[in-house]
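User: I'm a first-year student, and I'd love a close look at one loop of this protein and what surrounds it. Could you walk me through it slowly?

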Amino acid sequence: MPKRSAGLLLYRRTQGFPEVLLVHPGGPFWAKKDKGAWTIPKGEYPDDEAPLAAAIREFTEETGFPVQEPFLPLGTIKQAGGKLVSAWAFEGDCDPARLVSNTFAMEWPPRSGRMIETPEVDRARWFSLAEAAESILPSQSPLLDKLAHSLRQS
């Protein structure tokens, strides 16, 4: 069974145009990567947790920002590595400079036996949909398309 993850895509309207908040993964592996490295705040969840509840938890843990209903379902996508990501969008606003992320321990450099503590995400930024399409992990770009389609319908 493939790994499952759930996340939230925060959006706002600036001068009538949607912008989305994406986060950049923390840690030394991602430090020098930019285009194609940004992601929605998301994370894996156990079988006994509802995907939307996991998405809310992960968003809060990774950003420190509050969430608010209503949540717009964006469906489930399959990432390049096979992980299934269920996502929802919600409208709101925040200051990316106020990001507060949880941390995790990782071995670095690989196979060194040395553990370091690193933030799960190291920064957040508002993107236009066109900018986001260039910056997000390619396998997550369908989420942007689904959001754009839903906003045109409303």
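Analyst: Pro70 sits in the loop between α1 and β4. Keep in mind that the model is predicted, and let's start with the backbone at this spot. The peptide bond that joins Glu69 and Pro70 is cis, with omega at about 0°.

Now step along to Phe71, which belongs to that loop between α1 and β4 (72-78). Which ring does Phe71 pair with, and at what angle? To see this, it helps to begin with the aromatic pairs in general. A pair of aromatic rings is described by the distance of the centres and the angle of the planes. In this model the count comes to four aromatic pairs. One of them is formed by Phe59 and Phe90: their centres are 5.3 Å apart, the angle between the planes is 80°, and the pair is edge-to-face. Phe59 is in helix α1 and Phe90 in strand β5 (residues 84-91), so this pair links distant parts of the chain, 31 residues apart. Are these two buried or exposed? Both Phe59 and Phe90 are buried.

Here Phe71 comes in. Its ring centre lies 5.9 Å from that of Phe90 and the planes stand at 70°; because planes over 60 degrees apart count as edge-to-face, this pair is edge-to-face. Phe71 in the loop and Phe90 in strand β5 are 19 residues apart, and their pair also links distant parts of the chain. Phe71 is buried, as is Phe90. Put the two pairs together and you have one aromatic cluster, made of Phe59, Phe71 and Phe90. If you are looking at the structure now, find Phe90 and trace from there to Phe59 in helix α1 and to Phe71 in the loop.

Helix α1 spans residues 51-63, and charged side chains make a good next stop. Side chains of opposite charge can pair when their charged atoms come close. Glu49, Arg57, Glu58 and Glu61 are linked in a network of salt bridges. In total, the count for the model is twelve salt bridges. Another of them joins Arg4 and Asp47, whose closest N and O atoms are 2.7 Å apart. Arg4 is in strand β1 (residues 4-14), while Asp47 is in the loop between β3 and α1, so that the pair bridges distant parts of the chain, 43 residues apart. Asp47 counts as exposed because its relative accessibility is 69%, and the cut-off is over 50%.

Compare that with the salt bridge between the side chains of Arg12 and Glu19, at 2.7 Å from N to O. Arg12 and Glu19 are both buried. A further salt bridge is that of Arg123 with Asp122, where the closest N and O atoms are 3.2 Å apart. Arg123 has a relative accessible area of 33%, so it is partly exposed, and Asp122, at 31%, is therefore partly exposed too.

Let's return to the backbone for a moment. Where else is there a cis peptide bond? One joins Trp108 and Pro109, with omega at about -5°. Pro109 lies in the loop between β6 (103-107) and β7 (115-119). Arg111 is found in that loop between β6 and β7 as well, and its phi is near 60°, a positive value in a residue other than glycine. Arg111 counts as exposed because its relative accessibility is 77%. Gln15 is another non-glycine residue with a positive phi, of about 50°. You will find Gln15 in the loop between β1 and β2 (17-25); at 76% relative accessibility, Gln15 therefore counts as exposed.

One last stop is the largest pocket, with about 270 Å³ of space. It is lined by 16 residues, and the closest to its centre are Pro25, Thr39, Lys42, Glu62 and Glu120. What gives the most to the lining? Strand β3 (residues 42-44) does, with three residues. By class, the lining has seven nonpolar, four polar and five charged residues.

For a wider frame, the unreviewed UniProt entry carries the annotation "domain: Nudix hydrolase" for residues 1-150. In the model, that span is 20% helix and 37% strand, and its end C-alpha atoms lie 30 Å apart.

Conventions: Residues numbered from 1 in each chain as written. Heavy atoms only, no water. 1 Å grid on protein atoms, 1.4 Å probe; cavity = no way out; pocket = protein on both sides within 12 Å on 5 of 7 lines; lining within 4 Å. Points joined across faces, edges and corners; volume = space filled by probe spheres on them. Helix = DSSP H or I, 4+ residues; strand = E, 2+ residues; numbered from the N terminus. Nonpolar A, V, L, I, M, F, W, Y, C, P; charged D, E, K, R; others polar. UniProt positions renumbered as here; feature names shortened; annotations may be inferred. Salt bridge = Lys/Arg side-chain N within 4 Å of Asp/Glu carboxyl O. Buried < 20%, exposed > 50% of the residue type's maximum accessible area, 1.4 Å probe, protein only. Phe/Tyr/Trp six-rings, centres within 6.5 Å; stacked < 30°, edge-to-face > 60°.
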